Every structure is written in structure tokens, then in C-alpha cells.
Amino acid sequence: MRYFLCILITFASLSLLAQHPYSWTLTTEDGLPSLEVYDLYEDSKGYIWIGTDKGLCKYNGVTFFYYKNKDQKGEALSGIHEDKQGRIWVRNFKKQVFYVENDSLHRLTEIDELEMVDLTEFLVQKDGVINILDRLGGMLYRFEKIKKGWEVEKVNLLTLSQKDGYFLVYQIVLDEKNDLYVLTSKGIYQLEEDSLRFVTNQKLLKVPYKGKSIFTEGQLLNVGNHIYIIQQIKENYPVINTWSEATNMITTKFANLFHLKGKRTLYMRNTLDGNYWVLTSDGGALKLSSNPLDKQVLFPKEGISDILMDREGNYWLSSLKKGIHIIAKPSLELIPETQLSVLDLSLGEMLKGKDDNLLIGTDQGRIISWNFLTKQLGHYYEIPKRKVVQLSWKNDILSIEGDGYQCYFNKEQSRPFKMHVDSPQLKRVIMYKDTLRIIAIGKGGCCIYMEGNAGVQPIPNKYFAYIPTTIFKHEKLQKLVYRKSVGNKICNWVIGDELHNRFIAAYTDTLMCYPEQGEQFPILDQAGKSIKGTFLEKGNNNLIWICTVEEGIYAIDEDLQAVYHFTTKDGLINNMIKKLRVARDGTLWLLGNEGVQSFHPETKESHLYTLQDGLPTHEIRDILLLDEKVWLSTAKGLVTFDQNMPSKNKVEPLIYIKGVAIHDKDTTVQEQYNLTYNQDNITIQVEGLAYRSRGAFQYKYRMLGIDTLWRYQEGQINFMRFPQLQPGAYQFEVKAVNEDGIESEKIASIVFNIAPPYWKTWWFFLLFIFGIGLILFSIIWNYWSRLKLENQNSNLKMEALQSQMNPHFIFNVLTAVQNLWMQHKNELAMDLQSNFAKLLRKIFQYSSKRAITIEQVEEFLENYLNLEQIRFENKVDIDFRIEEILLEDDYYIPPLLIQPVIENSFKHGLFHKKTNRHLTIVLKEAFPYLYCCVEDNGVGRKLPLKRKKERRSSGLSTTRERLLILQQNIIKKPHPHHNLKITDLKNPDGSPKGTRVELWIPFITSKN
């Protein structure tokens, strides 16, 4: 009777339950202010905002941040919106509106001046206008931000529609174009500039009101170019219609709403994946569908106030009593433990049963049968309250081996028709060729019996004759029992290989093969080492896969050669795999302590499924592959998902820099910091958003200027400290890395410029250099002053030499006049005296000057050459050439430098030659010199001693000395020819041909 009552209770409790995606829940223990949650909102930065009975909070996946205002009259906040400036808007139930700006909660004080009856709803337009509806007063207030506050526009909705008479205002909604629509008791209206335009009232539900019928209130939802209207009359199921502006028609959208009959509808929502949901106060969240038989209800016994899908694809559902439920993988379904039985079950071994049933072992005295097609509980079997080791079918007989017992059931029986409760501790039982039963007995190795009658029949010699047979008397049966025993040590698993007439046993220290004939022998790996097996499973291509203690997994072929060996180096979740199953395509499904992994031995493609992917727990007892689905029995229920369900979260986590502290003093976050040399201790607080990881993400960061290598840090520690930074330029960069290794798309960065101490600054260095320079300048100034004095002395010396030139030249001219008179050449003497008188004026004018122009040089030399022509009776052919550039620019040289050289050619070269006399004078620019060449075809310099004595004069020596002084004062280094070069010209026979004198006269920068 007790068993029958349990069956009735179980079926009654499960008749209405179905599979449900796994979720985890945020409660007050996690930091949620209250379990009564009203609103959810994901802002443009990726944060989740939550409106609760105890206030507003923000959640980053790890920590909650709370917001309060000192003038807040009520704690409960809802209606979360975001405007284009990133402000978060909320309202309470005391006619107050708040917004979050600069991370603090501000109150919209302008609303106090309004005579508002009821703050029903408010909406935020794309352009930042805030629309607040007073439904009872029929007023719409529109707030627009101005420089010094908020400007309010009042719209009386009732007066705008006087032609339609009085009506009740229910709700407002904004479409994609920012047009505002109003749901009223007379239908739907559109708000225009100064009027309400009637849109439609087709198919809207009516209710009696004061002796007449009006359209009932409802909820509006805008999606794309459509407006959805959801209405419900008392206990009836809701009706959802959609209105299109293009057609101005209302059509009924969904057909499965009859499931909600008797449930009070709260809201209609749409999620990012394109699904529509109806939220109820006591019937969960229903996904809308055009198929009336499609019923997917999330949390069917709870009041769900809001639902959203975040950027990672996670579902968030706010409960009115239990906090926030988060579903990471909607495609991963969970049959909770409480749905499988009213008892406290711990699920274990599984077996594909008959008629699409899944048999699941428990530790609480029953085997559950779950129909995985109809998703309903079926038959179940009563067993001892001990661990189930193995389930198996044979000829419609269910065999159950457990910890110290064996049970056998017919298909439809709930109680065993045969049970052995004194069996040894079993690990694994197999049937070998329908004749032998081979048992892995924990610490007792392997035992072999004949199938049936508890081993009272002898074992034929064709089976394992080399293993001794033990005969003993069974106390209860009072019969002899025949048994073969091997191993005598801990045996973890046994598997039969009937194709090759052998079985294989896995011991903790080796893997053994037992052929029917011959001798037993160990199976070794490629290196000749023992394989320490814990679990064996047959795979494709006659492979046998082996899980080991801590050496990963092996595969042996028909020749018992190890053809595969995979460890964590090859991508395994760990080296201790508890169980594995082989899919049709050869993919291995591995069961580890960190979750479930799919691994393909050929490609090594791997997918890992953990808590972050929706598993309720890592305590997984068994795994089966059925109909392209994976089934897991866990400590928290039965889990199933498609074998091709994506495991990798490919959404890049978001990353922000939230705070910077200098010597533990908080600062306002800036893009760049310019710090002094003693502000060298920096702490940076960062924040990564990766909700599915549930805090199990990492920060990847570096400080350029210290190191270019990236460093990793657990997401639970969200600050980085950099003490004793040296002066220089630094750039901090940080990323978030989610549970699957996906990094943030953008790098959050911040720049720090730490100035050196003043004694290491550029201006101090320049000041130091300036001081040194000032000292050097003083030294150089003294040197130049001394040099200037020396130059002045040189100039005085030049002037003294120049003053010597004037009488010398005058003496030569007077001597020439005297010679003409003595030779009775009176006319020539008179012309010479006349020209000489003209030249004296120039001589006295130039003799006192430091420099004259080339034009003045030309004028003076032409006058002088005219005198010499008169003196020589015009019998000298003179070629006087000056380069044009010398006459175009301002070039200066000392006076009376060239004339002595020309005079020397007349007196000592041409004078002693009577005929065919030529003189060439060339002036050229050879910066920084004036190049002068005076060439004559006179008698040359090699004359008898008497003549040499006659031609001695101070002209050339004085000119050379003046040139050397100029070279030293102006050029500062010697000239290769010491500024004057004399070349004796010769005929081919060696006889004198004349003389060439070359001068390099340094230019003077100005005549002064």
C-alpha cells in the first residue's frame, strides 16, 4: 500500500511538469537588494540595471552597486529606461521620477510643481524627451532638457479629443519613428502636434462600464513597424493583436494563449532573438507561438515581471518572489530533481530502456523511467536503498546490480521477481556469449560463473581452462557453486570481446587480457608501460577506449595495440576522465570533474560544457548518447542537450577602467594623467562584463613603458597596482577574457606621464647649460676682446703700411715725370703731370680708408694705367678685364694693393723691353677672395746683379705683408700660396718670357 501511495503522489506531482532550461538564480545572498524584482534593463555599456522592492541597483556579473536618493519617498523602483546621453531613468510608486547621472541618483524636482493625480507610466524618446503619463488625470507631461534644468510641456489628452467625448486613458507607447500612440477606452489614438488622431479599435476586447460597453485596458508593445496590444478580461486567457501602420489593420498574432487561462497577465515583452513572451503574476513566462500546441513556459509556478536577453544571449527573468533567474543556454534542458520524484533523489546510472524510455538509477530505493519523447515520467522500479552500479536488459528482463545486491524485474513489474541481497561489492557485470557471467568485484578481482542458477553448473573447459576453478557450497542453496577467480586485486571494469574470444579487465595497476585459450597477459602502451584503467567502452572500428587513473585516455585496436593516447597536452579537460561515450561520428564524450567535453580523436576538435554553459552542477554521475542528444544524470537532476550545441561563448566581453588612485587617493578617471615624480604609486580599478562566466573570467593587462608582455589576473581581483614608477611615459592597457578565451574587442587604455624631479628636467638642464655657457661666454668674451685689440693693432699696422705706400707711389710718379723732362719729351711730361694731378685727389682720398669698392678700384687703376701709357708713349698693349659679378654686388677690398704689383711690371718688366710690350690684368671673384692676375711679357726677373740691385723696392714685400695680415684677421687660417704667387714665364728655349703675379685678396664685409 505504501508503494502504491508513493506512485500516486509522484504521478500527481509530475503530470503537469516538463523539461526546463537550466538556470541559476541571483538572490539576496548574492547581493540582490530584494527577492521581489520588477524590472530589468541592459544599458548601452552592457550593465544590467535592476529595479526591486528595495531600490535600484546595477550588476556587472560579480558585484551589485546600489543607488539611493535622500529625497526618495519609497524604496521600490521600476520602469527603467535610458536616454541618448546614457542617463538611466526610473520611477517609484510615490509619483517620483529619478535619473542616474555621474554614478549617482538624482530626482526630477520639476515634477513637484505638477498637479499630478497618478504617475502611471513614463517613456524616453530617442531625442531625449521624457514622456510621463497621468492616466487618471488624462494628462501627458513632456520634459526636455535645457541649460538650467528641464522644460515641461503639458498635454491634456482629454481636451484634444473633445469630438470623441470623454474616455479613459490606459497606456502610451512610442514607435520606431518616435510617434506616440495612446490606448484608450475608445480605441488607439496617435498624438499629433495639437490633436489626437483616431487610429483603430478593431478586434479590441470590450467590457461593461457604467451601463455601456467600452474597450478594456491592456498593454502596448512596439516592435519594428508593428504595435502589439495585449488584453485580458478577468479569468479568461489573454488576446494579443497586432496593428500595422502600413495596412491600418489589426490581426490576431498568436494562438497558444489558452494555456494562460486563469493566469493574470502582467506584460508582453520581446527579446533580442525575436521571441515574444507573455509574463504573468502566477504562471511564469510563456513564449508566444502561432502553434496552439506549442507550450514553452519558463518558471510556470512563479510570477515573472520582466525578461530580457543580454548581448551574450543569456536570458534574465525577474521573479516577484525569488530574485533573478539566468538561463545561459536555452537549448540545454533540465528535468529538475524535484520533478523526477517527490523524494530527495540523487541520480546515477542510466540505461536506454524499452519504448523510448530512459531508466535512471537513484540512491533512494527506485529506478525511474523517463520518456524522452513525451517528456513524462513512466514506470519505476523499487530496489534497495543503495547505490546502483549497473542496469541492463536481457530478454525483457531488467537486471539491476547494486552495492551488495542484484535485482531482476519483468518489464511491467515494480518489484523484483528475484533479488540477491548478499552479493559482494560489484563494479561491473557482463554476459559473455550468453553463457558466462563475468563480474568485476572491487577488491576481489574478477569472478566467472555460469549464467543462471547462481553458478551451480560447472564451467566448461573450453572457457578459460588456465584459470583454476573453485568449488564451494552455497549456504542458502545448499548446492555446490563453481567459480573461476583472477586478479585478487581491485578490478575497476570488465568488458567482453566476443569477436576475438576474450575479455579485458581494468585494474588500478594494469590492463589485462584473458583469452578463452592460452594464457592471460598484460596490455601495454606504445612505450611498454602498464595502462592503469578505470573504465572501458567499445567504440567505432572495433576500438576499445580506456579511461585511466591520471594518464588521460587510450584506445586499443583488435591486435590490442595502443593506437591513441590523449592527455591534457592534446586538449583533454584533465587526465582523469571518469567515463566516456562514443558518438556515431566517432566523437568522444568525456565526463570529468570540470564538466563534459566532446573530443574528436582525428581532428582533436574539442568543446567543453561547464557551469558557464548551463550545467546545473559538475557532479555528474553518468552520460548517455541518444538520438543525437547528450543525457547527463547529475546531483541536481537530469540534463539533456543536442550534441551539436555550441559550447563556446564567442561574444567579446566588455572592459572599462572604473577608477585610478594615486598613492591610494582616488581621482576622477581621465584619458591621460600628468604626474610629478613623487606621484609614482598608481592603482587602477577595472571592470569586465562577462555574465555567462559567472566571475570565472580573467583580466589581461600590461603597462607599456615597463613591459610589453601581457599578464593575466583572475576576474575576482579587479585592480592592478604599480608602485615606484620611474619618471617617463606609460600606457596601461587591459582586456577582459571570458571563460572560453575570447578577448575584449576593444582595449581600455589610459596614459600616465610622470615628470622627472626638477634636477632631471630639461629646463634645469638648460639652466645648467646656460650657467656653464655664461662662464664660457665670459671666457670667450675676454678672448675676443683681446683678439679685437690685436685686430685693432693689426689695422693700425695696416694703416701704417698703407701710409708708406702713398709717398712711395708719389715718388715713383715724380721720378717718371723727371725722366720725361730729361729726355726732352715735354708733351708727355705735361700730360703725365696733368693726369698725375687728377690722381693725387684719389690717392689722398683712399689712403685713409680701410676698404673701397671694386668700382673704385677699377676707376683708380684706369687713371693709373693712363699715367703709365703717357709715360711709355702709348707703346704698351694693356688688357684690363674685370668679372661682371664684381661690379654688380658690393665687394670691398683694401686700397692700393693691386697698383704696386702693376707698377712693378711697368718698372722692372716692361721698362727694359723696347718693343712689343704687353700687360694683362684680370680681376675675378673666387670667394672669399678677389683673385688678381698681373702678367707682363717683360724681361723677367733673372737679370745681372747690377739690375737686381736697381729693382729692389718695398712694394711687393709691403703688399705681401698686408695680405698676410688680412688673411689672419678675416680668414683665420693661412692661404696655400700665402696670398701672393710669382711665376717666371719662359720660352721653349728657356729664355725669359715675362712674369705673372697672382694675388688672393680677402674680401672685407663692409667698407667700415
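These points concern strand β48 and the sheet around it in a predicted model.

1. Strand β48 covers residues 511–515 and is mostly covered, since five of its five residues are buried. Leu511, Cys513 and Pro515 point one way from the strand, while Met512 and Tyr514 point the other way, and the residues of both groups are buried.

2. On one side, β48 pairs with strand β47, which spans residues 502–507, and the two run in the antiparallel sense over five bridges. Within this pairing, Ile504 has Cys513 of β48 as its bridge partner, and Phe503 stands opposite Tyr514 of β48. The connection between β47 and β48 is a hairpin of three residues.

3. Strand β49, made of residues 521–522, is also a partner of β48, and these two antiparallel strands are joined by two bridges. Here Met512 stands opposite Pro522 of β49. A hairpin with five residues between the strands links β48 to β49, and in its turn Gly518 has a positive phi of about 105 degrees.

4. It helps to place these pairs in the wider arrangement. Four strands form an open sheet in the order β46-β47-β48-β49, with antiparallel pairing. Strands β46 (491–497) and β49 stand at the edges and have a single partner strand each, so one side of each is left without a neighbour in the sheet. As a general point, the strands of a sheet pair through backbone hydrogen bonds, either parallel or antiparallel.

Terms used. Residues numbered from 1 in each chain as written. Predicted model: local features only at pLDDT ≥ 70, side-chain atom pairs only at ≥ 80, totals over all residues. Heavy atoms only, no water. Buried < 20%, exposed > 50% of the residue type's maximum accessible area, 1.4 Å probe, protein only. Pairing = 2+ DSSP bridges.
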